Amino acid sequence: MKNVFRFLVFGGLALAAGAVAAESKQSKSPAKKVWNFDNLDGWKLYSQDSNPNQQCSIEKGCLKIFTRAGSDDRKKASTVDQVYTTGRYKWRTYVPKMGVGDQASVGSWIYCDDQHEIDFEVGYGKKEVRDKLGAKPGDLVAYMTTQAHPFSSVPVLITPGWHTFEIDLSNKGGKYHVQWLIDGKVRHSLTQTFGPEFAFRIYCSVENLKFLGDRPASQDNYGLFDKVEYTYHD
């Protein structure tokens, strides 16, 4: 009976270890992935609102996402796979001129769950934030955010147009060290309290978010995503 018990215990541990190893192997980040948005292969669409219309389409080699004026639209596209960890995440994103005070955001970001999320969110910005940054009428505000562990949200000014947004995650003593880059320049950095045990999906979005402005969107707003890239590194 002891031998049977030992077989069950150690056999169970071996099966459990095998399952963990298989899961770890399945979740391993690829060396490199590039999406040019000739199609949506490897991506899924959904809405986080009461409007069932996706409002996402492929147009001239770009992913276009839009929200409606005065609505609570939150439209998103994400990678099907949640396997991305340390490495360089890169979006080539077009952010248009937005209505004054519009609560709308063009997002380039990565997400595991509500506590493990790292973002670029770009919009008109609240008046108090714009005043503090010395914004001119044509400027937009880009927020570089971690949702928790720790929470941080740092705004900087950018202009409408095409921009390259990058999130670089390196392994610093088992924790993610995050750098946010805009057009090749590091604009913010922060070390998280968690690390590569949390893998991400990659997201593109346009959402009518209250913290991005002072009033409901006065116009339809949109974002264009020309290319998304991921390159693994330690």
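Modeller: Let's start with the yardstick: a disulfide is a pair of cysteine sulfur atoms within 2.5 Å. Chemically, that's a covalent bond between the sulfur atoms of two cysteines.

Biologist: And what am I looking at before I start hunting for sulfurs?

Modeller: A predicted model, where local features need pLDDT of at least 70, side-chain atom pairs count only at pLDDT 80 or more, and totals for chains, interfaces and linings use all residues. Residues are numbered from 1 along each chain as its sequence is written, and side-chain values use heavy atoms, with hydrogens and water left out.

Biologist: Okay, how many disulfides does the structure hold?

Modeller: The count is 0.

Biologist: Why is Cys56 not bonded to Cys204?

Modeller: The closest cysteine sulfur to that of Cys56 sits in Cys204, but the gap is 9.2 Å, so it's too far for a bond.

Biologist: Is Cys56 buried or exposed?

Modeller: Buried means under 20% relative accessible area, exposed means over 50%, and partly exposed is in between, using a 1.4 Å probe and protein chains only. Cys56 comes in at 14%, so it counts as buried. Cys62 is buried too, at 10%.

Biologist: Now the strands. How do I read strand 7?

Modeller: Strands are DSSP runs of E, at least two residues long, numbered from the N terminus. Strand 7 spans residues 105-113 and is mostly covered, with 8 of its 9 residues buried.

Biologist: Which strands pair with strand 7?

Modeller: Pairing takes at least two DSSP bridges between two strands. Strand 8 (residues 116-123) pairs with strand 7 in the antiparallel sense, over 7 bridges. Those two form a hairpin, with 2 residues between them, and Trp109 stands opposite Asp119 of strand 8. Strand 14 (residues 201-207) also runs antiparallel to strand 7, again over 7 bridges. Look there for Arg201, the bridge partner of Tyr111.

Biologist: Last one: which residues touch the most other members of the largest nonpolar core?

Modeller: A nonpolar core is a set of buried Ala, Val, Leu, Ile, Met, Phe, Trp, Tyr and Cys residues joined through side-chain atoms within 4.5 Å. The largest one here has 41 residues, and Tyr89, Ile167 and Ile202 touch the most other members. Strand 12 (residues 175-182) gives the most to this core, 4 residues. Apart from it there's another core of 5 residues, including Val129, Val141, Tyr143 and Leu209.
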